[in-house]
Structures are given as structure tokens and as C-alpha cells.
Amino acid sequence: EAQLLKRLDSPYVVKCFGSMTWHEARCSVTELAQCSLAKVLMQSKAPVPADLVRTLLLDACRGLQYLSSSDIVHGHLTIDSLLVFKCPERGVRCKLGGLHFANSNKRPSLTDQS
């Protein structure tokens, strides 16, 4: 997974800077997000503006589109996988994280029976 993450380059997917094995555990060094989208929505005392939610979800869709164009399937997409970042040049944005991939070189067709 870490090797695959290091190949990815998208503003909508969390970046991986490196990985290592430590005491038989595999560790990855990735970007640090402020929080998950779930936390933003649940801890907000006021309604979250619809425009912000729309922007964050569009970012998530763009991340999924990027992964799909790279023949990668996100294996565990949940609301906790949508991470919120504050970018000085782009405002509050969302990136895909919590990535557990299944890499596929062959896309299944709708007629595949397997």
C-alpha cells in the first residue's frame, strides 16, 4: 500500500512521504489532516454551510475519479476516510485518506460473471 501511495500525485489524495518497518509493524508517513469530515459534521454547533459540504464532497469525488483513472479501487471508503485540510491557497478542502487499496490492472466489465 505504501509503495502505491508514493506513486500517487493528486491534490485530492493524501500524500505519502515514506514508509518503514518498526518492530514488525509497517508504518507510513503521510500528510497530517486537521480532522475527518465526520468530525466536522458531528462537532459543528451550527449548521455546516451547504456550499462547504458540496465543495468537500466534490473534492472526494475528484479523488475517486483520479484513483479510478489510475486503475485503483479504494477498498474501505467511509466518511472517516474523507479528511479535511486547510489550504492557504484553496481554503478548506477534502482529500481521500484511510486508503486500503486493491490495485486492478483489468477493469471488470458489466458482463463479467466472476
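Of the contacts in the protein with a separation of 6 or more, 61% are accounted for by residues 24 or more positions apart. The model discussed here is a predicted one. Its secondary structure comes to 3 helices and 7 strands, and these follow one another along the sequence in the pattern α-β-β-β-α-α-β-β-β-β. Buried residues make up 31% of the 114 residues in the protein, while the exposed surface comes to about 7800 Å², of which carbon and sulfur atoms supply 57%.

**Sheet and hairpin**

An open sheet is formed by 3 strands in the order 3-5-6, with antiparallel pairing. Strand 3 (35–36) and strand 6 stand at the edges of this sheet, and because each has a single partner strand, one side of each is left without a neighbour in the sheet. Strand 5 and strand 6 run antiparallel and are joined by 6 bridges; within this pairing, Lys86 has Val92 in strand 6 as its bridge partner. Helix 3 lies across strand 5 and strand 6, and runs at about 35° to strand 6.

Strand 1 and strand 2 (residues 25–30) also pair in the antiparallel sense, over 6 bridges, and Gly18 stands opposite Val29 in strand 2. The hairpin of strand 1 and strand 2 has 2 residues between the strands, and in it His23 takes a positive phi near 50°. The side chains of His23 and Trp22 are joined by a polar contact of 3.4 Å.

**The nonpolar core**

In soluble globular proteins, nonpolar side chains tend to be buried together. The largest nonpolar core in this model has 15 residues, of which Leu8, Leu67 and Leu82 touch the most other members. Two or more residues are given to this core by each of helix 1, helix 3 (50–69), strand 5 (82–87) and strand 6 (91–96), and the largest share, 3 residues, comes from helix 3.

**Three residues and their surroundings**

The table sets out the location and relative accessible area of Lys6, Ser10 and His23.

| Residue | Location | Relative accessible area |
|---|---|---|
| Lys6 | helix 1 | 38%, partly exposed |
| Ser10 | loop between helix 1 (2–7) and strand 1 (16–22) | 4%, buried |
| His23 | loop between strand 1 and strand 2 | 66%, exposed |

Ser10 is classed as buried because its relative accessible area of 4% falls under the 20% limit used for that class. When residues up to four places away in sequence are not counted, Ser10 touches Lys15 and Tyr66.

His23, which lies in the loop between strand 1 and strand 2, is exposed because its relative accessible area of 66% is over the 50% limit.

Lys6 is found in helix 1, and its relative accessible area of 38% makes it partly exposed, since this value lies between the limits of 20% and 50%. Although Lys6 and Cys16 are 10 residues apart in sequence, they are 5.2 Å apart in space, C-alpha to C-alpha. Leaving aside residues up to four places away in sequence, Lys6 touches Cys16, Phe17, Gly18 and Ser19; one of these, Gly18, is also the residue that stands opposite Val29 in strand 2.

How values were computed:
Residues are numbered from 1 along each chain as its sequence is written. This is a predicted model: local features need pLDDT of at least 70, side-chain atom pairs count only at pLDDT 80 or more; totals for chains, interfaces and linings use all residues. Side-chain values use heavy atoms; hydrogens and water are left out. Buried means under 20% relative accessible area, exposed over 50%, partly exposed in between (1.4 Å probe, protein chains only). Contact means heavy atoms within 4.5 Å. A nonpolar core is a set of buried Ala, Val, Leu, Ile, Met, Phe, Trp, Tyr and Cys residues joined through side-chain atoms within 4.5 Å. Accessible areas come from the Shrake-Rupley method with a 1.4 Å probe; for residues, only the protein chains shown count as cover. Two strands pair if DSSP finds at least two bridges between them. Axes are lines fitted to C-alpha atoms, for helices over the stretch in contact, and angles run from 0 to 180 degrees between N-to-C directions. A polar contact is a pair of N or O atoms within 3.5 Å; within protein, one must be able to donate a hydrogen and the other to accept it, and residues adjacent in sequence count only if both atoms are side-chain atoms.
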